[in-house]
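Subject: Structure handover

Hello,

Here is the structure we talked about. Please open it, then read the notes below.

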Amino acid sequence: MITSPFSLQTKNIVITGASSGIGRSVAIECSRAGATVFLLARNQERLEETFSQLSPGNHRMAVSDLKDLANLESTAAALLPGGSQVFGMVHAAGAIFTAPFSMTRPKHFESLYAVNVIAGFELARILSQKKYVDLQTGGSYVFISSISALHGQQGAVAYASSKGALLAGVRSMALELTVKKIRVNAVSPGIVKTPMADTLFDSLPGEAAEQLLKQHPLGFGDPQDVAFSCIYLMSEAGRWITGQNLVTDGGYSI
Amino acid sequence: MKKEEFLRLLKEALEFQDIDLQTATDLRKIEAYDSMAVMAVIAFVDENFSKRLTAKQLAAISTVGDLMELIGMENFSG
């Protein structure tokens, strides 16, 4: 049988933020690409909804608040069947805070960084321990960043800077993990039609939202568009790519 | 929250120190009440009243009193 270089067959992949938006789509599309997925999210009901949409397989899920960093190691251990090795990870969990810089306080940075950055890096550290890595096949981790990490956006100092931190961390992590054949990359979406984008639009006057749409020559993205970028990076097709940021933004940044 | 306290905090959040903000003040007539100020009001209300307003709701009102109605008068005294 000839396997497509874009297949995720036989790969175990951990996905955070799997209960909605981009994370949900990544979970569903990875399962369709043949992966066995292990899902983490905070909301049980919505996580179960994602789970019910997966292609058949030995998938698993666990309800977890990633901000509980001290429990992340035990959460991962409980999520993964004994002796499992993990090839991929997609950190799609994320929080947003939209407010002028004048109203952005340390607590806003702290809560965003805890989920968007630190939880993702901590999970990568846990999963890159030898006990979880097949040193023959290595692995591939993907962090969902944002185009706001590269292009300024009003009202997004806390959010954009947390996403920029991901890009910086990805490059250093990629260098360190090559020894275990683990590739580390980021995907930076433009505006994607998700519940999180709705909260952004709620804060913007109608004309600003229209302007944003015009800035996306291919229109706003679907979560699936981002999921496909993740699949590419985790598949055999992406085997020579590490430490990079795959901008997936419908032309916003051109 | 006392009405005076609300007006003081709102003024501070919007950096409207030079403006005499009263319940009858028409926000739309204030030059500095721009899209960033709208974003600031949304964040301010969320922070202080745990209520998430939208830019659309704010576009439909004019005075500070209207804003208080949106937040819910039961939240105010004095």
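Start with helix α4 (residues 106-127) of chain A. Helix α4 lies across β1, β4 and β5 (139-144) of chain A. It runs at about 170° to β4(A). Some terms first. Helices (H or I, at least four residues) and strands (E, at least two) are DSSP runs, numbered from the N terminus. Axes are lines fitted to C-alpha atoms, for helices over the stretch in contact, and angles run from 0 to 180 degrees between N-to-C directions. Two residues are in contact if their C-beta atoms, placed from the backbone, lie within 7 Å.

A word on the model. This is a predicted model, where local features need pLDDT of at least 70, side-chain atom pairs count only at pLDDT 80 or more, and totals for chains, interfaces and linings use all residues. Residues are numbered from 1 along each chain as its sequence is written, while chains are lettered from A and ligands numbered from 1 in the order in which they are written.

The sheet

Chain A has an open sheet of seven strands, with parallel pairing. The order is β3-β2-β1-β4-β5-β6-β7. Two strands pair if DSSP finds at least two bridges between them. The edge strands are β3 (60-63) and β7 (245-248) of chain A, and each pairs on one side only. On average, neighbouring strands are turned by 15° against each other, direction ignored. Strand β1 (residues 12-16) of chain A pairs with strand β4 (residues 88-91) of chain A in the parallel sense, over four bridges. Within this pair, A:I13 stands opposite A:G88 in β4(A). Another helix also lies on strands: α3 (residues 72-79) of chain A crosses β2 (36-41) and β3 of chain A, at about 150° to β3(A).

Helix packing

Which helices does α4(A) pack with? One is helix α5 (residues 157-177) of chain A, at an angle of about 20° and with the axes 9 Å apart. The two are therefore roughly parallel (angles under 35 degrees; over 145 is roughly antiparallel, 65 to 115 roughly perpendicular, the rest oblique). The crossing of α4(A) and α5(A) is right-handed (the near helix is turned clockwise from the far one by less than a right angle; anticlockwise is left-handed). Among the residues that meet are A:F109, A:L112 and A:F121 in α4(A), and A:Y159, A:L166 and A:M173 in α5(A). The contact of α4(A) with α5(A) divides into 11 nonpolar, five polar and one charged. Here Ala, Val, Leu, Ile, Met, Phe, Trp, Tyr, Cys and Pro count as nonpolar, Asp, Glu, Lys and Arg as charged, and the others, Gly among them, as polar.

Another partner of α4(A) is α3(A), at about 55° with axes 10 Å apart. These two are therefore oblique to each other. Their crossing is right-handed. A:L72, A:E73 and A:A76 in α3(A) meet residues of α4(A) including A:L123 and A:I126. By class, this contact has six nonpolar, no polar and two charged residues.

Away from α4(A), helix α1 (residues 21-32) of chain A packs with helix α8 (residues 223-234) of chain A, at about 55° with axes 8 Å apart. α1(A) and α8(A) are therefore oblique as well. Their crossing is right-handed. The contact of α1(A) with α8(A) has nine nonpolar, three polar and two charged residues.

Between the chains, and confidence

The contact takes 12 residues from chain A and 14 residues from chain B. On the chain A side, six are nonpolar, five polar and one charged. The predictor gives the complex an ipTM of 0.89 and a pTM of 0.95. Chain B has a mean pLDDT (the predictor's confidence in each residue, from 0 to 100) of 94. In chain B, 100% of the residues reach 70 or more.

Best wishes
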